[in-house]
Structures are given as C-alpha cells and as structure tokens.
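Hi,

Here is the structure you asked about, with my notes below it. Please open it alongside the text as you read.

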Amino acid sequence: MGRPIIIRQPVLDKNKEVIAYELLYQNKQYRNYKSSDFEYTTGRLNEDFRFVEENNLSDGKKIFIEFDKNLFESEISDLIFKDQLGVEISYEFEQKDKIIQGIEELKSQGSLIILDNPKLNNIEQPVIELADIVKIDFNRFSLKGHQTQIAMLKEDYNENLSFLAENINDYKEFNSCLEVGFDYFQGNFFTKPDVVTQENIPGYKINYLNFLKELNKEEFDFEKLEKIIKNDMSMSASLLKMINSAYYGYKVSSISQAAKLLGYKGLKKWSLIYFIEGLQNDKPDILFVNTLTRAKFAESLADSFNIPEKSSDLFTMGMFSMMDAFTDQPLLKVLKDLPLTPKMKIALVNEKGVLGEVLKLVKAFEDVEWDKIKKIQKKNSLEAEKTYNKYLKAVDFAYGIMNNLLSES
C-alpha cells in the first residue's frame, strides 16, 4: 500500500520532558484491521519502525502504537524493536489467552503496556495487572472523577500503575492533571503561554525581544549585527559552531567570513534561532524543536504556495508564531512593537492571507488534524506526498539544529 504518512505526537512527563512519541497514521485504511485486502502485521510494523528511525521521528524515545488482535495473534517474536515500544491496547477486542501471552512476552522484553481509555467498570484482571500505564482522555471525567479513578485503580488492581492524560490543551489543564495524580501528558499545552505562572516578561527576555526588533527592521544593518556578534563570546561561539557543523559544511574561524558566507538571509535565520533558543531557558526542549520544525516547514512550502520570494518571511513567521509560548504573554501583545509587515502580523494573529494559509497547514500537521490537512492540500492543489516529505525534512532540520546547540554546552 506504499509508504505510510505518519505524524508523531509527543508524550511528556511531569517535568515536560518527552518520554515517547505516539505514531498516528493519516490513512486509516493502512491501519484498518478489518480490511479484507490488507492486514497489519509485525512485518509491516517493523518496516514502520525503520521508517520512523530513518526519518528521525522518534529522537531515540519510546514509540507508542495501537495494537489490534491481528498483531497479537501474528508472530510477536518477530518484532525487532520491542524495547522501544509502547503497546496501546483498547478494549474493542476480547482478551484471549494468546493475546495475554503476547502482552506478557512484550512486557518481558522491555515494552510498555498501555491501556487506552479502558471501560473502568469492566477491566480484565490479567491485563490491568500487566499494564504499566493507563491512558485517559482528560475530557472524560471531572477533576474529582479523575482523582477517584486513579486512586481506585491503584488500590484495587495495581499500585505501580502510571497515568497518562490526553487532550491537554493549555497549562491550566496540565497543572490540574498534576494535582489529581497524572504522570504523563499528551496535547499541545506546551505550545501555549503559561499565564498561570507568569505575569510580566523577565528582563533577559525583553533584551532578546529588543534584539529581534532590531533584526527585523527594514533597514537591516549587516555590519552592526556582525559587530554585536564579535563582541559577544557566546554568540561568536554559536555562529562558528553552527557554520562549521555538518548542516552547513564550512570550515571557517572568522566571524566576518562566517557572516559573509551566510549572507543576509542566512545570518538573519541563525540570529532568530540563536535568540529564540535563548528565550527557551525555562521551557521544554520540545517547544524549541516544534518552533524550528514550524519555521523550516513553513519556509519549504513557499514554492508549493507559489510565493518563492517569501521563503525567508515564512521562516520568520514560523519562529514568531511560538513567541507567546516562550514569553508567556498573548501573541498580540508580543507582536505589538515588533517591526513585522502587516501581512505577517495578520497571518500570525488571524491566520489570514496566503501566509496564514501556510501557518494553518503547518499547525494542522503539528496538531495531527488530518481533515484540516486534506482540506488545505485540496484547496491549494498540494501533492500530499511532497508536502509530507517537506515535513520530514523540517523535523530532521529541527533535531539537527537542536543537537548542534546541545553540543555547544
């Protein structure tokens, strides 16, 4: 059936560190267990794991994937990534002996066993005793209800159970889940401002914003920026490290030479990455990775949307679209004093115009909104496979930059 189109969704712990990625398939027929012309097998799952690893979609973390009865009844022993696997089990199929044996085998070889939104009044004893994590939709119960269910499952079945809350879409929900006893979290909450804990922008973040303001002025002073870089040891080291990395492939030791090689657009891109990485400080790494992915993915879509001359603007837009999450302020407030074009501000705030259309598509990939992705692709005559390839390259770019920055410290 060809190569799958897979987007991953991160699973975070209490410290907002990524512990796993769940794989979500666009073509449901690809994972249609009742299909008469296709059966999802351990062989196909092995291929998908290789694809995910080759395209840097897992970043070495565990991979969560839904298992059906066909997978359990096929040759579980043939799986080659058991220790990297999180097996999500629903209650839509009968817990037969062979399935229980398959769960036991996977668990014994390092796989995590995850019960996906089980019917809490009809839990099979062997499965709950084997489970590591119970996954529950945040919208399924009240906060008191979640607290009661967590306490009951630990007391009555398995005191070592951990709990994963899905569909967590802001920091208020995240903090509520912490209070009632959840251990892991899924949702786009980490891309939102944490208005609960932050009222004013810290001084060091204001300094970064002021630099970004200068950087985006129409009359960009190339020599002035070069001088600023030379006078800042951290910036100088970062620029040289970046341009001598495998991504750029140069071997230079001069700031002036590095700046000239990058040129205006390249230097501006590096500066955006450097300063937004500086804004990160108290934010999870996955936010920075998502920001880089947004920016690179948006930039790569310039040709697809017939605006090749706007590629640099699209990269800038992707970076600034996360500014509210970095500063814990409403995006409109952050953008107020930044010298961005009216079209870019409209795109960032209202997702209007062609730039806004690009941002909608990028966000739809991030939030795994398949229907929206298909609608935007159809409206703009985009080829699904080409668009997906650009997404994969953007993810790879993001981790390449992230790993380069981490190697500096």
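Gly266 is buried, with a relative accessible area of 15%. The cut-off for buried is under 20%, so Gly266 meets it. Please keep in mind that this is a predicted model. Gly266 sits in helix 10. Its C-alpha lies 9.0 Å from the C-alpha of Ser312, and the two residues are 46 apart in sequence.

Now the chain as a whole. The protein chain has 409 residues, and 55% of them are buried. Its secondary structure comes to 18 helices and 8 strands. Take the contacts between residues at least 6 apart in sequence: 64% of them join residues at least 24 apart.

Next, the nonpolar cores. The largest has 121 residues, and Phe67 and Met317 touch the most other members. Helix 10 gives the most to this core, with 12 residues. What does Met317 contact, leaving aside its neighbours within four places in sequence? The list is Ala298, Met344, Ala347, Leu348, Leu355, Val358 and Leu359. There is also a second, separate core of 6 residues. Among its members are Val11, Ala20, Phe64 and Leu164.

Helix 10 is also half of a helix pair. Helix 10 covers residues 255–280, and helix 11 covers residues 285–300. Their axes come within 10 Å and cross at roughly 155 degrees. Angles over 145 degrees count as roughly antiparallel, so that is how helix 10 and helix 11 run relative to each other. The crossing of helix 10 with helix 11 is right-handed. Here is who makes the contact:

- From helix 10: Lys269, Ile273, Ile276, Glu277 and Gln280.
- From helix 11: Asp285, Phe288, Thr291, Leu292, Lys296 and Glu299.

By type, the contact of helix 10 with helix 11 has 5 charged, 4 nonpolar and 2 polar residues.

A second pair is worth a look. Helix 15 (residues 342–350) packs against helix 16 (residues 353–366) at an angle of about 35 degrees. The axes of helix 15 and helix 16 are 8 Å apart. This crossing, too, is right-handed. Helix 15 brings Lys343, Met344, Ala347 and Leu348 to the contact. Helix 16 brings Leu355, Gly356 and Leu359. The contact of helix 15 with helix 16 divides into 5 nonpolar, 1 polar and 1 charged residue. Several of these names came up above: Met344, Ala347, Leu348, Leu355 and Leu359 are in the contact of helix 15 with helix 16, and Met317 touches them as well.

Last, two backbone points. Most residues other than glycine have a negative phi. Which residues have a positive phi although they are not glycines? Two to check:

- Asn117 has a phi of about 45 degrees. Asn117 lies in the loop between strand 5 (112–116) and helix 4 (125–130). Asn117 is partly exposed, with a relative accessible area of 25%.
- Ser381 has a phi of about 55 degrees. Ser381 lies in the loop between helix 17 (370–379) and helix 18 (384–408). Ser381 is exposed, with a relative accessible area of 67%.

Best wishes

Definitions and conventions: Residues numbered from 1 in each chain as written. Predicted model: local features only at pLDDT ≥ 70, side-chain atom pairs only at ≥ 80, totals over all residues. Heavy atoms only, no water. Axes fitted to C-alpha atoms, helices over the stretch in contact; angles between N-to-C directions. Helix = DSSP H or I, 4+ residues; strand = E, 2+ residues; numbered from the N terminus. Parallel < 35°, antiparallel > 145°, perpendicular 65-115°, else oblique. Left-handed = near helix turned anticlockwise from the far one by under 90°. Contact = heavy atoms within 4.5 Å. Nonpolar A, V, L, I, M, F, W, Y, C, P; charged D, E, K, R; others polar. Core = buried A, V, L, I, M, F, W, Y, C linked by side-chain atoms within 4.5 Å. Buried < 20%, exposed > 50% of the residue type's maximum accessible area, 1.4 Å probe, protein only.
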